[in-house]
Amino acid sequence: MGPVPIITAVPADVDLSALEADLAHDGVAVLNPAHQDSVPQLAAVVRDARAKGIENFKVVVLAHDYDPDTSLRDLGTQVGKDMKAKGEDAMTILVMSPNQVAGYSTQLSRFQIEKGQDGHTGRLALNNPPKATQDFVDVAHDATFPWTAVTVALIVFVAALAGVARSVTRRRSRAVDAARRAAVAPGGVSGTVEKNGAATAPSNE
């Protein structure tokens with residue numbers, strides 16, 4: 001049986017061709033009329049992101065939320081695939097709706113994307129797309145996985161396991177020694193013999 005294909009749910013009311021044309025122009029596609037005037041600010045953030053090394057950064061602002069909210073991630077993934085087919089490799093796409101956000105990237109790690117989606121306070125200000133986008137860029141750019149802390153924790157964990165193993169081994173060894181002594185002591189010390197079922201003391205004769 002072959003692998004099960006991943007089913008995507010790209011929003012049906014989004015014109016992908018028009019959206020991708022907008023993104024190709026300045027890296028920004030605003031489909032929410034309430035935020036049309038934020039295009040210049042968003043374009044400035046896109047330039048800042050690229051200057052910081054987040055290559056080919058793009059922003060999509062949708063008009064409304066979707067159910068399921070994974071539609072935003074699927075949209076970003078589809079746009080990424082389409083643009084890769086056109087020769088664009090490294091890219092990061094931030095997709096926002098009034099209350100939802102998702103990131104797609106061929107450059108940033110999943111850790112960086114998720115930290116960026118949390119912003120500085122645990123939630124991006126999605127009612128202010130330029131600020132939300134800038135926060136995403138700043139946090140994602142600076143986010144690094146805490147490898148040192150993880151390594152230290154693993155070392156401590158392994159050392160603790162080794163200590164437990166040594167303790168268990170010592171207890172088992174002591175138990176085995178005690179059992180051996182208990183088995184040898186009665187016959188080896190008394191020197192008595194059985195006669196008609198009664199014990200007699202050894203003779204001096």
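This text walks through a predicted model, starting with its sheet and moving to the helices and two loop residues.

The sheet is open and consists of four strands in the order β1-β2-β3-β4, with mixed pairing. Its edge strands are β1, residues 28-30, and β4, residues 101-105, each of which pairs on one side only. Direction ignored, neighbouring strands of the sheet are turned by 10° against each other on average. Helix α1, residues 16-26, packs on this sheet and touches β1 and β2, the latter covering residues 57-61. The direction of α1 makes about 135° with that of β1.

The mixed pairing can be followed from strand β3, residues 92-96. On one side, β3 pairs with β2 in the parallel sense over five bridges. Within that pairing, lysine 58 has isoleucine 93 in β3 as its bridge partner. On the other side, five bridges join β3 to β4, and these two strands run antiparallel. Here valine 95 has alanine 102 in β4 as its bridge partner, and methionine 96 stands opposite valine 101 in β4. The antiparallel pair β3 and β4 forms a hairpin, with four residues between the strands.

How much of β3 is buried? Five of its five residues are, so the strand counts as mostly covered under the cut-off of 20% relative accessible area. The side chains of the strand divide into two sets: Thr92, Leu94 and Met96 point one way, while Ile93 and Val95 point the other way. Both sets are buried. Strand β4 is also described as mostly covered, with four of its five residues buried.

The loop between β3 and β4 contains glutamine 100. Is this residue buried or exposed? Its relative accessible area is 14%, and a residue counts as buried under 20%, so glutamine 100 is buried. The side chain of glutamine 100 reaches the backbone oxygen of tyrosine 66 at 2.8 Å. Leaving aside neighbours within four places in sequence, the residues in contact with glutamine 100 are Asp65, Tyr66, Asp69, Leu72, Val95 and Leu126. One of these, Val95, belongs to the set on β3 that points the same way as Ile93.

A second loop residue can be read in a similar manner. Asparagine 32 has its place in the loop between β1 and α2. With a relative accessible area of 9%, asparagine 32 falls under the 20% limit and is therefore buried. Leaving aside neighbours within four places in sequence, asparagine 32 is in contact with Val61, Leu62, Ala63 and Pro98.

The loop holding asparagine 32 leads to α2, and this helix, residues 39-51, has a partner in α5, residues 129-142. The axes of the two helices come within 9 Å and cross at roughly 10°. Angles under 35 degrees count as roughly parallel, so α2 is roughly parallel to α5. From α2, the residues that meet α5 are Gln41, Leu42, Val45, Asp48 and Ala49. From α5, the residues on the other side of the contact are Pro129, Pro130, Thr133, Gln134, Val137 and Asp138. Sorted by class, the contact between α2 and α5 has six nonpolar, three polar and two charged residues.

How values were computed: Residues numbered from 1 in each chain as written. Predicted model: local features only at pLDDT ≥ 70, side-chain atom pairs only at ≥ 80, totals over all residues. Heavy atoms only, no water. Pairing = 2+ DSSP bridges. Axes fitted to C-alpha atoms, helices over the stretch in contact; angles between N-to-C directions. Contact = heavy atoms within 4.5 Å. Parallel < 35°, antiparallel > 145°, perpendicular 65-115°, else oblique. Nonpolar A, V, L, I, M, F, W, Y, C, P; charged D, E, K, R; others polar. Buried < 20%, exposed > 50% of the residue type's maximum accessible area, 1.4 Å probe, protein only. Polar contact = N/O pair within 3.5 Å; in protein donor to acceptor, adjacent residues only side chain to side chain.
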